[in-house]
Amino acid sequence: MLRGRCIHRPPSNTAFRKDVIYMNNKWESYVRRVVPYTPGEQPQESGVIKLNTNENPYPPAPGVRRILDDFDCGRMRLYPTPDAAVLVNAIAETYGVKPSQVFVGVGSDDVIAMAFMTFFGSDKPVLFPDITYSFYDVWADVYRIPYETKSLREDFTINPDDYKCENGGIIFPNPNAPTGVLESVDMIEDIVRANPDSVVIIDEAYIDFGGESCLPLVEKYENLLVVQTFSKSRSMAGMRIGFAIGSEKLIKYMNDVKFSVNSYTMNTVTQLCGAEAVRDKAYFEETVGRIVSERERSKKRLAELGFTFTDSKSNFIFAKPERKTAQYVFEELKKRRIYVRFWNKPVISDYLRITVGTPEEMDALFAALEEIINE
Ligand code: PMP
């Protein structure tokens, strides 16, 4: 898995101008063009088993239902509270930090996009792994941020030494996506300690499924930002809630940028539902526990079916079929209305990313896999 060093620089104006010859209108040469991120499919028909976008198979905390039932639609006349105080306070209380250390956004995609815009303003490249969340390079491109990808090791782990060179910032998910591989807090601290001159962002979208969060480190390192989401462990992907916790200084800088773009990003209903959800610790622990035990059972079944996989600590399994190609299995599953994720990209094209669903959904998947693999 030897992959070369790869620095990406934003296209210069001259490069853009050359494109003019292919265009009918001069104004098109001034367009901010970018190759967009491709989100996972959201099939709308019923009867589909959807294991392709790492959603939680269980409903959100029961209190969310109560908020929706009791909500007075008259409040929709008014703009939402711009600082989303009710949600910020609930998150601060849950994680034992000050409200001034919490930033909320419309999903962690919004939070991370805002963090790219706020913190990655250097001419030096931002560093992230070559196999990782495929939105990072898109944000870098759209904001014209130079970046350099660092190859993962053979076993998909991160080599901390790769992140000890001059850089304009660092970001990676822990556990990583789509591999599910978890890095230790000690290793992350090693990277943060070596980088006092840039902001380090740890994207903990999947941390609740068995990982140790590096949140305690934010009290020690002013330049560390930890991002989490309500989309996975709190079953609220459709509500769009993400948050970042960091030093008061980092959060202030982010809010300054956010309020310079759009003050009213998060609607009132979402703020209330999010606050209710984050307070229900018992429900959170119960549903996360169910997903973790189903993940471990699924690993055993996948091994029996001849798959190899990383020791995922997230709510998905990154698995490689033995007798058939990943693309073939992906397409055959789809014919049976079972959706998993497949990327036709170097290295990862041998793998499928399978979200952990309910035991019933997983049993249906295993029955289909058995059929496909033994065909
Ligand atoms: N980070 C990672 C690593 C992810 O996989 C995702 C989900 N696509 C996100 C961030 C964004 O999730 P959301 O915007 O739903 O919070």
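This is a guided tour of a predicted model, with a suggestion at each stop of what to select next and what can be found there.

**Stop 1: helices α2 and α8**

Begin by selecting residues 62-70, which form helix α2, together with residues 268-279, which form helix α8, and turn the view until both can be followed from end to end. The two helices pack at an angle of about 150°, and their axes are 8 Å apart. Angles over 145 degrees count as roughly antiparallel, and α2 and α8 are therefore described as roughly antiparallel to each other. Their crossing is right-handed.

Now show the side chains where the helices touch: on the α2 side these belong to Gly63, Val64, Arg66, Ile67 and Leu68, and they meet Val269, Leu272, Cys273, Glu276 and Ala277 of α8. If you colour these contact residues by type, you should find seven nonpolar, one polar and two charged. As you look along a helix, it helps to remember that an α-helix has 3.6 residues a turn, so residues three or four places apart point the same way.

**Stop 2: helix α8 alone**

Keep α8 selected and hide α2 for a moment. Helix α8 has twelve residues, and the distance from its first C-alpha to its last is 17 Å, close to the 16 Å expected at 1.5 Å a residue.

Is this helix mostly covered or mostly open? It is mostly covered, since ten of the twelve residues in α8 are buried. Among them are Thr268, Val269, Thr270, Gln271 and Leu272, and you can continue along the helix to Cys273, Gly274, Ala275, Ala277 and Val278, which are buried as well. Bring α2 back and add α3 (85-95), because these are the helices against which the buried residues of α8 pack.

**Stop 3: helices α4 and α7**

Next, select residues 107-119 for helix α4 and residues 248-258 for helix α7, whose axes lie 9 Å apart and whose packing angle is about 100°. The range from 65 to 115 degrees counts as roughly perpendicular, and α4 and α7 are therefore placed in that class. On α4 the contact is made by Val111, Met114, Ala115, Met117, Thr118 and Phe119, while α7 contributes Leu250, Tyr253, Met254, Val257 and Lys258. Of the residues in this contact between α4 and α7, nine are nonpolar, one is polar and one is charged.

**Stop 4: the loop before α6, and α6 itself**

Move to the loop between β6 (169-173) and α6 (185-193), where Pro175 is found. A cis peptide bond joins Asn174 and Pro175, with omega at about -5°. Pro178 is also found in the loop between β6 and α6, and another cis peptide bond, with omega at about 5°, joins Ala177 and Pro178.

Then follow the chain into α6 and select its buried residues, which are Val185, Met187, Ile188, Glu189, Ile191 and Val192. Which strands do these buried residues of α6 pack against? They pack against β6, β7 (200-203) and β8.

**Stop 5: the loop between β8 and β9**

Finish at the loop between β8 (224-229) and β9 (242-245), and select Ser235 within this loop. The phi of Ser235 is near 55°, a positive value in a residue other than glycine. Because its relative accessibility is 12%, Ser235 counts as buried.

Now select Arg240, which is found in the loop between β8 and β9. Arg240 also has a positive phi, near 70°, and is a residue other than glycine. At 27% relative accessibility, however, Arg240 counts as partly exposed.

Methods:
Residues are numbered from 1 along each chain as its sequence is written. This is a predicted model: local features need pLDDT of at least 70, side-chain atom pairs count only at pLDDT 80 or more; totals for chains, interfaces and linings use all residues. Side-chain values use heavy atoms; hydrogens and water are left out. Axes are lines fitted to C-alpha atoms, for helices over the stretch in contact, and angles run from 0 to 180 degrees between N-to-C directions. Helices (H or I, at least four residues) and strands (E, at least two) are DSSP runs, numbered from the N terminus. Angles under 35 degrees count as roughly parallel, over 145 as roughly antiparallel, 65 to 115 as roughly perpendicular and the rest as oblique. A crossing is left-handed if the near helix is turned anticlockwise from the far one by less than a right angle, and right-handed if clockwise. Contact means heavy atoms within 4.5 Å. Ala, Val, Leu, Ile, Met, Phe, Trp, Tyr, Cys and Pro count as nonpolar, Asp, Glu, Lys and Arg as charged, and the others, Gly among them, as polar. The expected span of a helix is 1.5 Å times one less than its number of residues. Buried means under 20% relative accessible area, exposed over 50%, partly exposed in between (1.4 Å probe, protein chains only).
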